[in-house]
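Please look over the following notes on salt bridges. They are meant to be read beside the sequence and the model.

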Amino acid sequence: SDEEVIDVLATAFADTIMDARNQLAPAQWAYGIQEDWDPMDLVYRDRRGENDFLYGKDPRLTMLAVRRPDGTPMAAVLNFGMHGTLLDSDNELLTEDAPGGLEMGFEEQFFATHGAPIFGMFMQAGGGDASPAGDQMGRSGIPRAEAIGHAAAPTLVSLYDELEWRDEIALDVSSRRIE
């Protein structure tokens with residue numbers, strides 16, 4: 001029933017929050033930007049050509065990463081505009097789709113390069129006008145999602161390696177009205 005699902009999820013969320021709270025420790029953060037990072041459209045591509053007079057494919061990749069002060073990697077938020085779905089309604093699998101392939105490819109390449117795990121999280125930017133690619137060799141379905149990750153991983157790991165780490169952060173919140 002719905003009540004059972006709600007209880008299972010609420011308990012899992014609460015346990016995860018408490019585990020995170022109990023493991024709080026000092027960390028460092030870094031932020032980086034890579035422009036024109038997928039010029040061959042191997043990861044994502046413009047979805048609608050009719051609006052290119054305004055703006056084509058958003059070429060910007062951003063990354064926000066966190067690590068322990070001793071350099072132990074923790075997580076990286078990978079951000080660019082890519083619509084998250086390439087699987088269609090005939091898919092009966094519970095899957096992470098294109099973002100999952102991206103995250104997995106990054107995590108695997110990072111481990112192969114650094115010998116340490118990292119948690120990769122894709123956070124979609126303006127992705128309504130950008131489709132996942134990965135079909136360069138006729139791939140479809142899950143193999144296509146994996147191809148997206150393999151194509152993106154070298155650039156993602158390289159951007160991580162170039163980050164400048166900071167111990168302190170000042171947060172500011174701003175609200176603006178746009179007419």
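1. D38, D41 and K57 are joined in a network of salt bridges, a salt bridge being a side-chain nitrogen of Lys or Arg within 4 Å of a carboxyl oxygen of Asp or Glu. The model is predicted, so that local features need pLDDT of at least 70 and side-chain atom pairs count only at pLDDT 80 or more, while totals for chains, interfaces and linings use all residues. Residues are numbered from 1 along each chain as its sequence is written, and side-chain values use heavy atoms, with hydrogens and water left out.

2. Within this network, K57 pairs with D38, and the closest N and O atoms are 3.3 Å apart. The pair links distant parts of the chain, 19 residues apart: K57 lies in the loop between strand 2 (44-46) and strand 3 (61-67), D38 in the loop between strand 1 (28-34) and strand 2. Strands are DSSP runs of E, at least two residues, numbered from the N terminus. Both K57 and D38 are buried (under 20% relative accessible area; exposed is over 50%, partly exposed in between; 1.4 Å probe, protein chains only).

3. D135 forms a salt bridge with R144, with 4.0 Å between the closest N and O atoms. D135 counts as partly exposed because its relative accessibility is 29%. R144, at 15%, counts as buried.

4. Are R177 and E179 buried or exposed? R177 is exposed, and so is E179. Their side chains meet in a salt bridge at 3.1 Å, N to O.

5. Over the whole structure, the search finds 6 salt bridges.

Definitions and conventions
Helix = DSSP H or I, 4+ residues; strand = E, 2+ residues; numbered from the N terminus.
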